[in-house]
Amino acid sequence: MSIEAPTITTQPDPAVPAGQEAVIRIQGLVVQYRGRGLGQSPTVAVKGLDLDIFAGEAFGFLGPNGAGKTSTMQVLLGFQPPTRGAAYIYGVDVRQPIARQRIGYLPETTSYYKFLTAEELLRFYGRIFQIRPAELESRIDAVLKLVDLDAARKRLIKTYSKGMQQRIGLAQALINNPDLLILDEPTSGLDPPGRMKVREIIQRLKTEGRTVLFSSHELGEVETVCDRIAIIHRGELKVVGSVAGLVKEYQMDLERIFLKIIGYPPPAQP
């Protein structure tokens, strides 16, 4: 039985069209882990997070290591139950498996069956999603062309470069034709051409009306791609809004805004 998201009263965000329904709704989310040793206090990774993400947005989820980004994503993906609060995807509680049917996910570190070819890997994941064989083959063709791996579809994944492995990860995340993509550091470790390709793919997904939530330390990529961002620090949401709006409000670029919010001394002005 699905659980509908409650109605939440919030202040209107000028970067969000009025009346638009949230694709992701996070309300009062707390994620707490047990202490690792006897007598140790529990660790609170996320502290009362409230956040709405809307259809068709590329939304950047930013913060230093240990800020609570991954814990929040794990709750959305059903890997970690919330300690308190709730999260909903398309109005369905994330604790229910049906909530994840419309999601594609790319982890920060991809680990696939390297003895398979790209098309064999995608066929394997397509069968997990119970996609009909005829439809699956057309989807494999489409996603391999989208990520520019069609020419390498019969090569073993173990022969792929880092950038190619990241792109086959994106193809895997897209094989079920999801409406929502959750990407954890999608450009991590990539060279400039690789980052450019991933950026182009995210832009194309936006034009198709899909919603993309991704975390990244590459603030230049975030500034180029994202409609809105949120910065989380020590488990608490510090700021949310459009990049342009925040730059105007703080009178500094995104990197300096980020450093200011997390309390790190900004770089000296040239």
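Let's start at Arg 139: apart from its neighbours within four places in sequence, Arg 139 is in contact (heavy atoms within 4.5 Å) with Ile 131, Ile 175, Asn 176 and Asn 177. Arg 139 sits in helix H3. Here, helices (H or I, at least four residues) and strands (E, at least two) are DSSP runs, numbered from the N terminus. Along the chain, Arg 139 and Ile 175 are 36 residues apart, yet 6.4 Å separates their C-alpha atoms.

A quick word on what you're looking at. This is a predicted model, in which local features need pLDDT of at least 70 and side-chain atom pairs count only at pLDDT 80 or more, while totals for chains, interfaces and linings use all residues. Residues are numbered from 1 along each chain as its sequence is written, and side-chain values use heavy atoms, with hydrogens and water left out.

Now to helix H2, which covers residues 118-128. Its buried residues (under 20% relative accessible area, with exposed meaning over 50% and partly exposed in between, using a 1.4 Å probe and protein chains only) are Ala 118, Glu 119, Leu 121, Leu 122, Tyr 125 and Gly 126. Look down the axis of H2 and these buried residues fall within an arc of 155° (taken from the directions from the helix axis to the C-beta atoms), so they line one face of the helix. The face turned away from that buried side carries the exposed residues Arg 127 and Ile 128. And what do the buried residues of H2 pack against? Their partners are helix H3 (133-146) and helix H4 (162-174). After H2 comes Gln 130, with a positive phi near 60°.

Stay with H2 and H4 for a moment. Their axes come within 9 Å and cross at roughly 30°; axes are lines fitted to C-alpha atoms, for helices over the stretch in contact, and angles run from 0 to 180 degrees between N-to-C directions. H2 and H4 are therefore roughly parallel to each other, the cut-offs being under 35 degrees for roughly parallel, over 145 for roughly antiparallel, 65 to 115 for roughly perpendicular and oblique for the rest. The crossing of H2 and H4 is right-handed (the near helix is turned clockwise from the far one by less than a right angle; anticlockwise would be left-handed). From H2, the contact uses Ala 118, Leu 121, Leu 122 and Tyr 125, and from H4 it uses Ile 168, Ala 171 and Gln 172.

Next, the sheet. Six strands, ordered S6-S7-S8-S3-S9-S10, make an open sheet with mixed pairing; two strands pair if DSSP finds at least two bridges between them. At the edges are S6 (103-106) and S10 (236-242), each pairing on one side only. From one strand to the next, the twist averages 15°. Further in, S7 (residues 180-184) and S8 (residues 211-215) pair in the parallel sense over 5 bridges, and Asp 184 stands opposite Ser 215 in S8. Helix H5 (residues 192-207) packs on the sheet, touching S3 (58-62), S7 and S8, and its direction makes about 150° with that of S8. Helix H7 (residues 243-250) packs on the sheet too, touching S9 (228-233) and S10.

Is Thr 211, in strand S8, buried or exposed? Its relative accessibility is 0%, so Thr 211 counts as buried.

Finally, H7 and helix H8 (residues 254-262) pack at about 70°, with axes 10 Å apart, and are therefore roughly perpendicular to each other. H7 passes H8 in a left-handed crossing.
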